[in-house]
Amino acid sequence: RNFQQWTDHMERQDPIVTLRDCEDFIFVGRCALLLRGVGHIVHEHRNLAAAWKPYATRVLRDAGQLRDLQSQIRDFQQRS
């Protein structure tokens with residue numbers, strides 16, 4: 001499955017009701033697209049998911065959400 005399918009799945013599980021519910025997600029997504037575009041222009045391709053993974057893991061762990069999210073991802077992958 002791809003990112004859009006994951007997003008659709010999560011929307012069904014936890015719908016976005018207002019823009020405030022997802023402002024941070026939109027900001028991160030836009031930054032990722034801008035950085036990918038700049039990298040492409042200067043022929044310096046980077047995997048932003050890999051670069052940001054340690055930070056995201058730490059934030060999720062500190063918030064007590066890491067195991068739950070990892071479980072959701074495993075369940076999603078097993079359905080494909």
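# Exercises on a predicted four-helix model

The accessible surface of the protein is about 7,200 Å², and carbon and sulfur atoms account for 55% of that area. The structure is a predicted model. The exercises below start with the whole chain and then turn to single features.

**Exercise 1. Describe the overall build of the protein: which elements does it have, and what share of its residues is buried?**

Step 1. Take the elements: there are four helices and zero strands. Along the sequence this gives the pattern α-α-α-α.

Step 2. Take the extent: the C-alpha atoms fill a box of roughly 40 × 30 × 25 Å along the principal axes.

Step 3. Take the burial: 11% of the 80 residues count as buried.

**Exercise 2. Check the span of helix H2 against the distance between its end C-alpha atoms.**

Step 1. Find the helix: H2 covers residues 23-41, which makes 19 residues.

Step 2. Work out the expected span. The rule is 1.5 Å times one less than the number of residues, so H2 should span 27 Å.

Step 3. Compare: the end C-alpha atoms of H2 are 27 Å apart, which agrees with the expected span.

**Exercise 3. Locate the negative surface patch and say which elements supply it.**

Step 1. List the members: Asp8, Glu11, Asp14, Asp21, Glu23 and Asp24 form the patch.

Step 2. Assign them to elements. Helix H1, residues 3-13, and helix H2 each supply at least two residues. Aspartate 21 sits in the loop between H1 and H2.

Step 3. Set the patch beside the charges of the whole protein. There are 12 positive and 10 negative charges, and their mean positions lie 7 Å apart.

**Exercise 4. Find the nonpolar surface patch and name the element that gives the largest share.**

Step 1. List the members: Phe27, Val28, Leu35, Trp52 and Tyr55 make a patch of about 520 Å².

Step 2. Assign them to elements: H2 and H3 are the elements that give two or more residues. Tyrosine 55, for one, is placed in helix H3.

Step 3. Compare the shares: H2 gives the largest, with three residues.

**Exercise 5. How many salt bridges does a search of the whole structure find, and which residues form a salt bridge?**

Step 1. Recall the principle: side chains of opposite charge can pair when their charged atoms come close.

Step 2. Search the whole structure: one salt bridge is found.

Step 3. Name the partners: arginine 46 pairs with glutamate 44, and their closest N and O atoms are 3.1 Å apart. The cut-off for such a pair is 4 Å.

Step 4. Classify the partners. Arginine 46 has a relative accessible area of 59% and is therefore exposed. Glutamate 44, at 41%, counts as partly exposed.

**Exercise 6. Describe histidine 43: where does it lie, what is its phi, and is it buried or exposed?**

Step 1. Place the residue: histidine 43 is in the loop between H2 and H3, just after H2.

Step 2. Read the angle: phi of histidine 43 is near 60 degrees, a positive value in a residue other than glycine. Most residues other than glycine have a negative phi.

Step 3. Judge the exposure: exposed means over 50% relative accessible area, and histidine 43 is exposed because its value is 64%.

**Exercise 7. Place proline 54 and state its separation from valine 42.**

Step 1. Proline 54 lies in helix H3, residues 48-62. At 49% relative accessibility, proline 54 counts as partly exposed.

Step 2. Proline 54 and valine 42 are 12 residues apart along the chain, and 25 Å separates their C-alpha atoms.

How values were computed
Residues numbered from 1 in each chain as written. Predicted model: local features only at pLDDT ≥ 70, side-chain atom pairs only at ≥ 80, totals over all residues. Heavy atoms only, no water. Patch = residues over 30% accessible without salt bridge, like charges linked within 9 Å, V, L, I, M, F, W, Y side chains within 5 Å. Areas by Shrake-Rupley, 256 points an atom, 1.4 Å probe, with all protein chains shown as cover. Salt bridge = Lys/Arg side-chain N within 4 Å of Asp/Glu carboxyl O. Lys, Arg positive; Asp, Glu negative; His and termini not counted. Charge placed at Lys NZ, Arg CZ, Asp CG, Glu CD. Buried < 20%, exposed > 50% of the residue type's maximum accessible area, 1.4 Å probe, protein only.
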